[in-house]
Amino acid sequence: MGLGALDTGRDAAGSAAALTGYLVLEPDFIRALIQLGEGDAWRRKDDLVQFLAAPLDHNHRLEVP
């Protein structure tokens, strides 16, 4: 199925949902997302290590930057 098969004449929400559904099943798109996530994780490695090493305190909410 190519992008030309999507019905872009419908309302924008329907077209966006169809495009999202198509991209989620596209292996190259998934591979690119994984690579982006890995790059982000390596850039924030120190923050991730600190976050994962922090003791668990059930009475405190963690702040996400």
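This tour moves through the salt bridges of a predicted model and then to a nonpolar patch on its surface.

**Stop 1: the start of the tour in helix α2**

Select helix α2, which spans residues 27-43. Within this helix, display the side chains of R31 and D28, which are joined by a salt bridge with an N to O distance of 2.9 Å. The two residues are 3 positions apart, about one turn of the helix. Colouring by accessibility separates the partners: D28 is exposed, at 51% relative accessible area, while R31 is partly exposed, at 45%. D28 falls in the exposed class because the limit for that class is over 50%.

**Stop 2: a second pair in α2**

Remain in helix α2 and select R43 and D40. Their side chains meet in a salt bridge at 2.5 Å, N to O. As a spacing along the helix, 3 residues separate R43 and D40, about one turn. Here the arginine, R43, is exposed, with a relative accessible area of 62%, and D40 is partly exposed, with 42%.

**Stop 3: D47 and R44**

Next, select D47 and R44, whose side chains form a salt bridge with 3.0 Å between N and O. Both partners can be inspected for accessibility: D47 is partly exposed at 41%, and R44 is partly exposed at 43%. With this pair displayed, the view can be checked against the total for the model, which is 3 salt bridges.

In general terms, side chains of opposite charge can pair when their charged atoms come close.

**Stop 4: the nonpolar patch**

Hide the charged pairs and select V24, L25, F29, I30, L33, I34 and L36. These residues make up a nonpolar patch on the surface, and their accessible area together is about 650 Å². Which element supplies the largest share of the patch? Helix α2 does, with 5 residues.

**Stop 5: L25, between the helices**

Finally, centre the view on L25, one of the residues of the patch. L25 is located in the loop between α1, residues 12-24, and α2. Is L25 buried or exposed? Its relative accessibility is 71%, so L25 counts as exposed.

**Views to keep**

For a closing view, show helix α2 with the R31 and D28 pair and the R43 and D40 pair. Then add the patch, to which α2 contributes 5 residues, together with L25 in the loop between α1 and α2.

Key
Residues numbered from 1 in each chain as written. Predicted model: local features only at pLDDT ≥ 70, side-chain atom pairs only at ≥ 80, totals over all residues. Heavy atoms only, no water. Salt bridge = Lys/Arg side-chain N within 4 Å of Asp/Glu carboxyl O. Helix = DSSP H or I, 4+ residues; strand = E, 2+ residues; numbered from the N terminus. Buried < 20%, exposed > 50% of the residue type's maximum accessible area, 1.4 Å probe, protein only. Patch = residues over 30% accessible without salt bridge, like charges linked within 9 Å, V, L, I, M, F, W, Y side chains within 5 Å. Areas by Shrake-Rupley, 256 points an atom, 1.4 Å probe, with all protein chains shown as cover.
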